[in-house]
Amino acid sequence: MDERAVILNELAQGIRPLAQGVGWFEGLADTEQFEVLRDLAAFCIQARATSEDGPESIRRAGIRPTHTPAVLVTRGRLTEQLTKIINLPQDERVKAFRPAGRASWRR
């Protein structure tokens with residue numbers, strides 16, 4: 001397991017605090033942030049997450065339900081919505097990372 005997967009797994013299990021994970025994510029280069037979001041989307045699909053998991057994810061992440069990633073994650077067809085979230089502009093990436101990085105997709 002590579003270092004990125006370990007960090008994401010620790011975030012998912014609550015072993016690593018979300019604030020530490022966000023700081024780590026913010027320190028990554030643009031391409032690495034994209035790769036992390038892509039990995040998180042794959043983990044969500046692997047965990048069989050659904051859009052019904054979205055509200056709890058948003059609550060745990062501490063983002064507003066009106067933020068773009070929060071709106072998208074609750075709109076159904078999660079695979080399609082995750083693709084949109086991965087491709088959001090740079091200024092939306094931390095908001096996109098928070099719900100997925102917080103283990104909200106664990107089932």
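**Entry 1: Arg 48**

I began with Arg 48 in this predicted model, and I found it exposed, with a relative accessible area of 66%. Since exposed is the word for anything over 50%, I noted that the value of 66% for Arg 48 fits that class. I then looked up where the residue sits, and Arg 48 turned out to belong to the loop between helix H3 (30-46) and helix H4 (54-61). Its backbone also caught my attention, for Arg 48 is not a glycine and yet has a positive phi of about 60°.

**Entry 2: Arg 77**

I looked up a second arginine, Arg 77, which also has a positive phi although it is not a glycine, here of about 45°. I placed Arg 77 in the loop between helix H5 (68-73) and helix H6 (78-86). Is Arg 77 buried or exposed? I recorded a relative accessible area of 64% for Arg 77, so it counts as exposed.

**Entry 3: the overall build**

I turned next to the whole protein, in which I counted seven helices and zero strands, so that I wrote the pattern along the sequence as α-α-α-α-α-α-α. How does the radius of gyration of the protein stand against that of a compact globule? For 107 residues such a globule would have a value near 13 Å, and I noted 12 Å for the protein, which agrees. Along the principal axes, the C-alpha atoms fill a box of roughly 30 × 30 × 20 Å. Among contacts with a separation of 6 or more, I found that 69% join residues 24 or more positions apart.

**Entry 4: surface and charge**

I looked up the surface and wrote down about 6,000 Å² exposed by the protein, with carbon and sulfur atoms supplying 50% of it. Of the 107 residues, 45% count as buried. I also listed 16 positive and 14 negative side chains, and the centres of these two sets lie 7 Å apart.

**Entry 5: the nonpolar core**

Which residues touch the most other members of the largest nonpolar core? That core has 26 residues, and I noted Leu 8, Phe 25, Val 36, Leu 37, Leu 82, Ile 85 and Phe 97 as the ones that do. The elements that give two or more residues to this core are helix H1 (3-13), helix H2 (18-26), H3, H4, H5, H6 and helix H7 (93-101). Of these, H3 gives the most, with five residues.

**Entry 6: Phe 25 and Glu 26**

I followed Phe 25 further, leaving aside its neighbours within four places in sequence, and found it in contact with Gln 33, Val 36, Leu 37, Arg 93, Val 94 and Phe 97. I then looked at Glu 26, which lies in helix H2, and with the neighbours within four places again set aside, Glu 26 is in contact with Gln 33 and Val 94. I also checked Glu 26 against Phe 97, and although 71 residues separate them in sequence, their C-alpha atoms are 9.7 Å apart in space.

**Entry 7: Ile 45**

My last look-up was Ile 45, which has its place in helix H3. I recorded Ile 45 as partly exposed, because its relative accessible area of 39% falls between the limits of 20% and 50%. Beyond its neighbours within four places in sequence, Ile 45 is in contact with Thr 79 and Leu 82. I noted as well that the C-alpha atoms of Ile 45 and Leu 78 are separated by 8.2 Å, while the two residues are 33 residues apart along the chain.

How values were computed: Residues numbered from 1 in each chain as written. Predicted model: local features only at pLDDT ≥ 70, side-chain atom pairs only at ≥ 80, totals over all residues. Heavy atoms only, no water. Helix = DSSP H or I, 4+ residues; strand = E, 2+ residues; numbered from the N terminus. Buried < 20%, exposed > 50% of the residue type's maximum accessible area, 1.4 Å probe, protein only. Rg over C-alpha atoms; globule rule 2.2 N^0.38 Å. Contact = heavy atoms within 4.5 Å. Areas by Shrake-Rupley, 256 points an atom, 1.4 Å probe, with all protein chains shown as cover. Lys, Arg positive; Asp, Glu negative; His and termini not counted. Charge placed at Lys NZ, Arg CZ, Asp CG, Glu CD. Core = buried A, V, L, I, M, F, W, Y, C linked by side-chain atoms within 4.5 Å.
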